[in-house]
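Here is a brief report on side-chain contacts and packing. Please read it with the sequence and the 3D view side by side.

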Amino acid sequence: MGRFTRKTMPATGSGLLAILGALYCLAALLGLGEALCVTHGCSLYQNFSLYGISLWHVGIITFLALSALSFTGRVALALNLSRLTVAADCFLLVLMSLTSPCLACMGAAVFLVVVFYSLYRTHAEHNGAKHPSRSRLLAVWLLCLAAALVLTVKELSAPGPWRGPDDAPVRIYFSPLCPACMQAVEAASASPLPVAYYPVAASLDEVKIILAMEGDLARGVPLADSLRKFRADPPRELPLS
């Protein structure tokens, strides 16, 4: 049996972390990570594939390869592979920052970076460095992650629609007494596409109309019909019940 030298010692910690990353990707592939999918980017990237291969499959294969290389002492090769994956993830994070973030995807990204940092430190220690230098790639990744997280917070803090699905392709912001808004609501109500409605009150009279419409909508009255009714005969009092 061959003996491990200092430079070929197994990186057991990195290997175990990589296995955890593979299990995370497997869970996401099986749909067990839906609790994290609270942003619109999840539906955008969950089924994204690379040459017909799901990103979750790519993640599983990558983590298993990192684990195998770590356990067999090929730390330098594992570190180079993890560098490539973190660099690719920087591109994906930038893409999310320009479109919509995917929290489940960012979870896998965190595992990638944790494995990278573990391998980075282990490789430095194997080469006799007591205090490894800071990784510029890690700094770039942190900046990309920060940008994606800012967009995530912005998306999660945005108010939900008054009526209609959160991910509706059509969004109508309307003021109850605005004639053009009435036309937009009527046109949207006739559309076959899902519509999200956001009322905007510019006066107390419009607040009264919105509150009055709540009762109508709870009874199943179509939104356009209710809006038309209260535009013609606005409530004189605040309908508090």
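## Side-chain contacts and packing

Glutamate 214 is partly exposed, at 30% relative accessibility. Here, buried means under 20% relative accessible area, exposed means over 50%, and partly exposed lies in between (1.4 Å probe, protein chains only).

The model is predicted: local features need pLDDT of at least 70, side-chain atom pairs count only at pLDDT 80 or more, and totals for chains, interfaces and linings use all residues. Residues are numbered from 1 along each chain as its sequence is written, and side-chain values use heavy atoms, with hydrogens and water left out.

**Salt bridges**

How many salt bridges are there? The count comes to 5. The rule asks for a side-chain nitrogen of Lys or Arg within 4 Å of a carboxyl oxygen of Asp or Glu.

Glutamate 214 has arginine 163 as a salt-bridge partner, with the closest N and O atoms 3.0 Å apart. Arginine 163 sits in the loop between helix H6 (136-157) and strand E3 (170-174), and glutamate 214 in helix H8 (residues 204-218), so this pair ties together parts that are 51 residues apart in sequence. Helices (H or I, at least four residues) and strands (E, at least two) are DSSP runs, numbered from the N terminus. Arginine 163 is partly exposed, with a relative accessible area of 27%.

Arginine 163 has another contact. It lies over the face of tryptophan 162, at 5.2 Å from the ring centre. A charge counts as over a ring if NZ of Lys or CZ of Arg is within 6 Å of the ring centre and within 35 degrees of the ring normal.

Helix H8 also holds aspartate 216. This residue forms a salt bridge with lysine 229, at 2.8 Å from N to O. Lysine 229 belongs to helix H9 (residues 223-232), so the pair ties together parts that are 13 residues apart in sequence. Is aspartate 216 buried or exposed? Aspartate 216 is buried, at 2% relative accessibility. Lysine 229 is partly exposed, at 41%.

Within helix H9, arginine 228 and aspartate 225 form a salt bridge, with the closest N and O atoms 2.9 Å apart. The two are 3 residues apart, so about one helical turn separates them. Arginine 228 is partly exposed at 38%, and aspartate 225 is partly exposed at 37%. Salt bridges link Glu186, Asp225 and Arg228 in a network.

**Nonpolar cores**

In soluble globular proteins, nonpolar side chains tend to be buried together. A nonpolar core is a set of buried Ala, Val, Leu, Ile, Met, Phe, Trp, Tyr and Cys residues joined through side-chain atoms within 4.5 Å.

The largest nonpolar core has 37 residues. Those with the most contacts inside it are Trp56, Phe63, Leu66, Leu93, Met96, Leu119 and Trp141. Helix H1 (12-29), helix H3 (55-71), helix H4 (75-98), helix H5 (103-126) and H6 each supply at least two residues of this core. Which helix gives the largest share? H5 does, with 11 residues. A second, separate core has 18 residues, including Cys181, Tyr197, Met213 and Ala224.

Helix H5 also contains glycine 107. Glycine 107 is buried, at 19% relative accessibility. Its C-alpha atom is separated by 9.9 Å from that of alanine 28, 79 residues apart along the chain.

**Aromatic pairs**

The structure holds 6 aromatic pairs. Rings of Phe, Tyr and Trp (its six-membered ring) pair if their centres lie within 6.5 Å; planes under 30 degrees apart count as stacked, over 60 as edge-to-face and the rest as tilted. Two of the pairs are tabulated here.

| Pair | Type | Centre to centre | Angle between planes |
|---|---|---|---|
| Tyrosine 173 and tyrosine 198 | stacked | 4.5 Å | 15° |
| Phenylalanine 174 and tyrosine 197 | edge-to-face | 6.4 Å | 80° |

The stacked pair links tyrosine 173 in strand E3 with tyrosine 198 in strand E4 (residues 195-199), 25 residues apart. Tyrosine 173 is exposed, at 51% relative accessibility, whereas tyrosine 198 is buried, at 8%.

Phenylalanine 174 lies in strand E3 and tyrosine 197 in strand E4, so the edge-to-face pair ties together parts that are 23 residues apart in sequence. Phenylalanine 174 is buried, at 0%. Tyrosine 197 is buried, at 9%.

Elsewhere, ring pairs join Tyr24, Trp56 and Phe111 into a cluster. Trp56 is also among the residues with the most contacts inside the largest nonpolar core.
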